[in-house]
Amino acid sequence: MKTKTTLLALALIILLGFTKNEAADYPKIEKGMIKMTIFYPNGEDVTFDMDYYINNHMAMAANLMGDDLKAMMIDKGLSGGAPDSPSPYVAVGYFYFESMEAFQNAMGPIGDKLRADVPNYTNIQPVIQFSEVQTAQ
């Protein structure tokens with residue numbers, strides 16, 4: 001039994017040693033940055049293609065925004081605060097910029113193209129909020 005436990009522990013150590021440390025790859029988000037949050041409210045008859053959103057829409061947005069975009073994250077809604085309640089949002093997307101000017105430089109020439117792509121992944125009218133980051137990692 002001791003041998004099996006030792007072998008299992010060794011295999012786990014080797015596996016973890018070759019696994020990429022995801023936390024180290026997170027972008028540096030700093031206090032004072034501008035965050036654009038895109039909420040996709042849940043409701044009856046909503047459709048949302050998460051695969052398309054991640055691999056096409058958000059990838060296209062990141063590519064088009066270039067160096068002005070400092071970080072990007074995506075949340076997939078799982079549930080609400082009460083047990084077994086639906087998530088208030090199907091998905092939430094986040095874009096981080098150094099300043100509002102950087103956002104405007106990035107989004108100005110591509111906004112129409114991104115808005116035109118929305119029907120390819122959802123029938124939801126997104127809700128957008130701009131915030132100033134108050135705490136940093």
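**Exercise 1. Find which residue of β3 is the bridge partner of Pro 41, then place the pair in its sheet.**

Step 1. Tyr 89 in β3 is the bridge partner of Pro 41. Strands here are DSSP runs (E, at least two residues), and helices are runs of H or I with at least four, numbered from the N terminus.

Step 2. β1 and β3 pair in the antiparallel sense, over 8 bridges; to count as paired, two strands need at least two DSSP bridges between them.

Step 3. Now widen the view: the open sheet has 4 strands in the order β2-β3-β1-β4, paired antiparallel. Because β2 (69-76) and β4 stand at the edges with a single partner strand each, one side of each has no neighbour in the sheet.

A note before you go on: this is a predicted model, in which local features need pLDDT of at least 70 and side-chain atom pairs count only at pLDDT 80 or more, while totals for chains, interfaces and linings use all residues. Residues are numbered from 1 along each chain as its sequence is written, and side-chain values use heavy atoms, leaving out hydrogens and water.

**Exercise 2. Work out which residues of helix α3 (residues 100-107) are buried, and what covers them.**

Step 1. Ala 102, Phe 103, Ala 106 and Met 107 are buried, meaning under 20% relative accessible area (1.4 Å probe, protein chains only).

Step 2. They lie on the same side of α3, because they cover an arc of only 120 degrees around the axis, taken from the directions from the helix axis to the C-beta atoms.

Step 3. Their cover includes β1 (34-41), α2 (50-65), β3 (89-97), α4 (111-117) and β4 (127-132), with contact meaning heavy atoms within 4.5 Å.

Key
Buried < 20%, exposed > 50% of the residue type's maximum accessible area, 1.4 Å probe, protein only.
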